[in-house]
Amino acid sequence: MTHRDIPKLQAQLKAFQRRQRRDRTLVAGLSSSSVRVLGAIARRGDGCQPGQIVEELAMTTSNVAASLRELEAAGVIRREKDGADARRVNVRLTADGETLVAENRAARDTWLGEAMDALLTADEQATLIAAGDLLERLTLFDPTSAARNE
């Protein structure tokens, strides 16, 4: 690995993310921020609280609140009082929200599959899948614990 490899990889990953975001902003006329919030709610599975979304997406509370209003108006999420603490609100996908997320993921998967089939050899496809596993491992890296382990 040379000193030029890391910036090149960063640029390539950012270009790939931008390409995927271009399509994501077109989801049901929702803002890109709202689509990000919708995805965070979907990843949580059984609902979540707005503060958890703020933390996961590193968005401001007001931006998440605005996105939640937009998503609720679109009928893709619902807010419910927390049974254990009435001061808290839980956010869940509605059936329409689950359908929208599933359709969006399927469209992204289709695009990626078609692009890989059109542009990559079978060996390159296998390498890319393996690189995905490596990227997933990198997301778990914590520099503070790595320093302690040395």
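## An aromatic pair

How many aromatic pairs does a search of the whole structure find? One. Keep in mind as you look that this is a predicted model. The partners are Phe16 and Trp111, and their pair is tilted, with 6.2 Å from centre to centre and 40° between the planes. If those two values look like an odd choice, here is the background: a pair of aromatic rings is described by the distance of the centres and the angle of the planes. The angle of 40° counts as tilted because stacked planes are under 30 degrees apart and edge-to-face ones over 60.

Now find the two residues along the chain. Phe16 belongs to helix H1 (residues 5-24) and Trp111 to helix H5 (residues 95-119), so the pair links distant parts of the chain, 95 residues apart. Are these rings' residues hidden away? Phe16 is partly exposed, at a relative accessible area of 35%, and Trp111 is partly exposed too, at 24%. Trp111 does not count as buried, because that label needs a value under 20%.

## The overall layout

Step back and look at the whole chain. Seven helices and two strands make it up, and reading along the sequence gives the pattern α-α-α-α-β-β-α-α-α. The chain is more spread out than a compact globule, because its radius of gyration is 19 Å, well over the 15 Å that the globule rule gives for 150 residues. Along the principal axes, the C-alpha trace spans about 55 × 45 × 25 Å.

## Inside, outside and charge

How much of the chain counts as buried? Of its 150 residues, 23% do. The chain exposes about 10,600 Å², and carbon and sulfur atoms supply 54% of that area. As for contacts, take those between residues at least 6 apart in sequence: 44% of them join residues at least 24 apart.

Charges come next. The chain has 22 positive and 22 negative charges, and the mean positions of the two groups are 7 Å apart.

## Two loop residues to find

Start with Ala58, in the loop between helix H3 (50-57) and helix H4 (61-73). What is the sign of its phi? Ala58 has a positive phi of about 55°, although it is not a glycine. For context, most residues other than glycine have a negative phi. Ala58 is also exposed, with a relative accessible area of 70%.

Next, look for Gly83 in the loop between strand E1 (77-81) and strand E2 (89-93). Gly83 is exposed as well, with a relative accessible area of 83%. Try tracing from Gly83 to Ala115: they are 32 residues apart along the chain, and their C-alpha atoms are separated by 46 Å.

## Towards the end of the chain

Thr121 sits in the loop between H5 and H6. At 45% relative accessibility, Thr121 counts as partly exposed; the exposed label needs a value over 50%. Thr121 and Asp96 are 25 residues apart in sequence, and 38 Å lies between their C-alpha atoms.

Where is Ala130? Look in helix H6 (residues 122-138). Ala130 counts as partly exposed, at 38% relative accessibility. Compare its position with that of Val37: the two are 93 residues apart in sequence and 28 Å apart in space, C-alpha to C-alpha.

Terms used
Residues numbered from 1 in each chain as written. Predicted model: local features only at pLDDT ≥ 70, side-chain atom pairs only at ≥ 80, totals over all residues. Heavy atoms only, no water. Helix = DSSP H or I, 4+ residues; strand = E, 2+ residues; numbered from the N terminus. Rg over C-alpha atoms; globule rule 2.2 N^0.38 Å. Buried < 20%, exposed > 50% of the residue type's maximum accessible area, 1.4 Å probe, protein only. Contact = heavy atoms within 4.5 Å. Areas by Shrake-Rupley, 256 points an atom, 1.4 Å probe, with all protein chains shown as cover. Lys, Arg positive; Asp, Glu negative; His and termini not counted. Charge placed at Lys NZ, Arg CZ, Asp CG, Glu CD. Phe/Tyr/Trp six-rings, centres within 6.5 Å; stacked < 30°, edge-to-face > 60°.
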